[in-house]
Amino acid sequence: MITAEEALAIVLRHVQPLAPQVQPLLEALDCVLAQDVVAQEDLPPFPCSAKDGFAVIARDASNPRRLIGEQTAGYVAGLRVEPGTCVRITTGAPLPPGADAVIMVEDTQEANGMVTLLRPVAPGADVRPVGQDVAKGERVLAAGTCLGPQEIGLLASLGHSSVLVYPRPRVGVLSTGNEVVEPETPPRPGQIRDSNRYALMAALRRAGAQPVSLGIAPDEEAALTAVIDEALATCDAVITSGGVSMGKLDLIKPLLARRGQVHFGLVNMKPGKPLTFATVEGKPVFALPGFPVSSLVSFELFVRPALRKMSGHRLLLRPRVPVTLAEAIRGDAGRPEFHRAVVWRENGGYKARSTGLQSSGRLLSMVGANALLVLPQQDRPFQAGETVMAILLDHPETDPDPVAATEP
Ligand code: AMP
Ligand code: MG
């Protein structure tokens, strides 16, 4: 059986960044830029005022000066500042020819069409010169940058209404099992509601991918093959859950082996041992185990990094930090365990406690968890005070019970 590290390496070897696409600017939020962006113009494009006040000639000795008109933002008034004169100006308005400085209104007194300067003004004061913020020809964004609000704003300021980025992977999500019904269907005896498709589609959205629901398929080879084939025609990747363990109705592995190449079908870890990874016509297929915790943990460990690579990200993995156990925790004697935990900051380090019973069906072991403890296989429990590594799924709070911490 391969290790989780080996499995991840195999997955990452078999996925590549998707072909870049031009996206409308706002759709590109959180996407990775696929080309350098070079400014085609200066910002600001004209010398302009940084304050509300008066445009003046700095070295002009006359005081008071005659007010000859006003220049507000948004047009060119056609005024010229000569010695002995000034022009009322607002923030962002073009500096009138002749003027070389702005004095803010708080430093002046105005009466009868004359403006008195209450302090001296240096040349260039409160004038934003051409290209102060961005110089024409400057590379403002490098390919590989993940676009946040500030990058989106910068692109808009340079006239880009669309941008070349790696697209969000379209990922089909299929639940399998004769016993699985839609959440709104009252389950008959022997049936259970589908939680995996919802959890996985939500996880996909968080990972910046586009989830595509493929519904629920029964444990029948023809039905499974049809829906997986159809999904592969329109999606960049497919995720299934269930049907990969050792039961007589676990049909997914042989099906994928017939349709493409199965790269592994067992991983030495808990939860998620039957995790299966295949490629079919070059597209990745993640066949996740059916138990809700197993499918979500394996998504986190293997699917999310793959999707990040497909999306052009360079940082594929969550941060890993050493944490000190606040309590004794029993891992697994047979397999390395990804133990769901709450991690918080304390005295400049991290502490951790378990979310309790770690059964693979118990989604409550993930509710409130912000980390997975990486516990090597071991007979004896890990002791309070021992240090283990943790994968941080979320930003840790400073208190182990953040809800209680906010109450009076
Ligand atoms: P399997 O891997 O198909 O043997 O499924 C393992 C366990 O997970 C079984 O108890 C299934 O009933 C359960 N299971 C499978 N698919 C889902 C699903 N979509 N939502 C919730 N539980 C599921
Ligand atoms: Mg099943």
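Before we start: contact here means heavy atoms within 4.5 Å. Keep in mind, too, that this is a predicted model.

**Exercise 1. Find out which strands helix H6 lies across, and how H6 runs relative to S20.**

Step 1: pick out helix H6, residues 292-310.
Step 2: look for the strands under this helix; they are S13, S17 and S20.
Step 3: compare directions, and you get about 170° between H6 and S20.

**Exercise 2. Work out the strand order of the sheet that holds S20, and say why one side of S16 and of S18 has no neighbour.**

Step 1: walk across the sheet. You pass S16, S13, S17, S20, S19 and S18, in that order. That makes six strands in an open sheet with mixed pairing.
Step 2: check the edges. Strand S16 (210-217) and strand S18 (261-264) each have a single partner strand, so one side of each is left without a neighbour in the sheet.
Step 3: add the twist. On average, neighbouring strands here are turned by 20° against each other, direction ignored.
Step 4: bring in helix H5, residues 252-259, which also packs on this sheet. Among the strands H5 touches are S13 (170-176), S17 (237-241) and S20 (283-288). The direction of H5 makes about 25° with that of S19.

**Exercise 3. Decide in which sense S18 and S19 pair, parallel or antiparallel, and find the bridge partner of valine 262.**

Step 1: locate S19 at residues 276-280.
Step 2: follow both strands; S18 and S19 are antiparallel and share three bridges.
Step 3: start from valine 262 and cross over to S19, where you land on alanine 278.

**Exercise 4. Describe the surroundings of ligand 1.**

Step 1: list the neighbours. There are 17 residues around the ligand, and Glu179, Asp194, Ser195, Gly243 and Gly290 come nearest.
Step 2: go through some polar contacts.
- Glutamate 179 puts a polar side-chain atom 2.6 Å from an oxygen atom of ligand 1.
- Aspartate 194 has a polar side-chain atom 2.8 Å from a nitrogen atom of the ligand.
- Asparagine 196 takes part through its backbone, with a polar atom 3.4 Å from a ligand nitrogen.

Step 3: see how covered the ligand is. On its own, ligand 1 exposes 480 Å², and the protein buries 81% of that.

**Exercise 5. Sort out the other six-stranded sheet, S7-S4-S6-S5-S9-S8, and name its edge strands.**

Step 1: note that this sheet is open as well, with mixed pairing.
Step 2: spot the strands that pair on one side only: S7 (101-104) and S8 (108-111).
Step 3: look at the twist, where neighbouring strands are turned by 40° against each other on average, direction ignored.
Step 4: zoom in on S5 and S9 (residues 114-117), which run antiparallel and are joined by two bridges. Arginine 65 stands opposite valine 115 in S9.

**Exercise 6. Track down the backbone oddities at Pro44, Pro64 and Asp30.**

Step 1: go to the loop between strand S2 (37-38) and strand S3 (48-49), where proline 44 sits. The peptide bond from leucine 43 to proline 44 is cis, with omega about -10°.
Step 2: move on to the loop between strand S4 (53-56) and strand S5 (65-71) for proline 64. Asparagine 63 and proline 64 are joined by a cis peptide bond too, with omega about 0°.
Step 3: finish at aspartate 30, in the loop between strand S1 (21-24) and S2. Aspartate 30 isn't a glycine, yet its phi is positive, about 70°.

Methods:
Residues are numbered from 1 along each chain as its sequence is written. Chains are lettered from A and ligands numbered from 1 in the order in which they are written. This is a predicted model: local features need pLDDT of at least 70, side-chain atom pairs count only at pLDDT 80 or more; totals for chains, interfaces and linings use all residues. Side-chain values use heavy atoms; hydrogens and water are left out. Two strands pair if DSSP finds at least two bridges between them. Helices (H or I, at least four residues) and strands (E, at least two) are DSSP runs, numbered from the N terminus. Axes are lines fitted to C-alpha atoms, for helices over the stretch in contact, and angles run from 0 to 180 degrees between N-to-C directions. A residue is near a molecule or strand if one of its heavy atoms lies within 4 Å of it. A polar contact is a pair of N or O atoms within 3.5 Å; within protein, one must be able to donate a hydrogen and the other to accept it, and residues adjacent in sequence count only if both atoms are side-chain atoms. Accessible areas come from the Shrake-Rupley method with a 1.4 Å probe; for residues, only the protein chains shown count as cover.
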